[in-house]
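Work through the exercises below with the sequence and the model open. Each one sets a task and then solves it step by step.

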Amino acid sequence: EKRNIAVEIPEWDADLCIQCGFCSLFCPHASIRMKAYDESELAKAPATFKSTDGKAQLKGMKFTVQVAPEDCTGCGLCVANCPAKSKENPEHRAINMVPQEPLREAERENWEYFLAIPDTDPNIVKKDTIKGSQLLPALFEFSGACAGCGETPYVKLVSPLFGARSVIASATGGSSIYGGNLPTTPYTVRQ
């Protein structure tokens, strides 16, 4: 169920990125994901697939921030919360909104490739940090919530931290709409 509603989507600038995880954290639809992985995973990567060397606890690994182009709603929260700014042009950040249509095909292929890369080993990350929590697979994704929803990033954050042990209770309203819009559901399982 690709909604494909965003006129603009975020584009990652790997050279400027500080690998903080804020873009992924603030994305209300889990349309931005991060992974750290072995360099051998890049052997068959599409030509437009972006990666950079991992920093801090990810040294010796490759690192990617990837956007799901047809699941992004174009809300721009990722850009608004990105702390990495270019010294030459403070308007340019490590993630920036750009027109979706020219990137759609390539980013669709990159997204599929990204999903095939094994998830980051949870034993090498500090789960109680923003960066560490965003390297864990989201178990709540692509909800039907409004663009820029303020509630869904919290559900998305709780899902990888507590997984099947989570119990989420909320008054009826938006949560019952985006959380139970059958026949689809935004909740997923660990592989």
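**Exercise 1.** Decide whether Asn 4 is buried, partly exposed or exposed.

Solution. Step 1: buried means under 20% relative accessible area, exposed over 50%, and partly exposed in between, with a 1.4 Å probe and protein chains only. Step 2: Asn 4 has 29% relative accessibility, so Asn 4 counts as partly exposed. Step 3: Asn 4 is found in the segment before β1 (8–12), and its phi is positive, about 50°, although Asn 4 is not a glycine.

Elements such as β1 are DSSP runs numbered from the N terminus: helices are H or I with at least four residues, strands are E with at least two. The model is predicted: local features need pLDDT of at least 70, side-chain atom pairs count only at pLDDT 80 or more, and totals for chains, interfaces and linings use all residues. Residues are numbered from 1 along each chain as its sequence is written, and side-chain values use heavy atoms, with hydrogens and water left out.

**Exercise 2.** Place Ala 30 and state whether Ala 30 is buried or exposed.

Solution. Step 1: Ala 30 lies in the loop between α1 and β2 (32–37). Step 2: its relative accessible area is 1%, so Ala 30 is buried. Step 3: Ala 30 is not a glycine, yet has a positive phi of about 55°.

**Exercise 3.** Find which residues of helix α5 (residues 152–162) are buried, and what they pack against.

Solution. Step 1: the buried residues of α5 are Thr 152, Pro 153, Val 155, Lys 156, Ser 159 and Pro 160. Step 2: they cover an arc of only 165° around the axis, which puts them on the same side of α5; the arc is that of the directions from the helix axis to the C-beta atoms. Step 3: an α-helix has 3.6 residues a turn, so residues three or four places apart point the same way. Step 4: the buried residues of α5 pack against α1 (22–26), α4 (130–134) and α6 (174–179), where contact means heavy atoms within 4.5 Å.

**Exercise 4.** Describe the surroundings of Pro 160 in helix α5.

Solution. Step 1: the relative accessibility of Pro 160 is 5%, so Pro 160 counts as buried. Step 2: Pro 137 is 23 residues away along the chain, and the C-alpha atoms of Pro 160 and Pro 137 are separated by 6.0 Å. Step 3: just after α5, Gly 163 takes a positive phi of about 50°.
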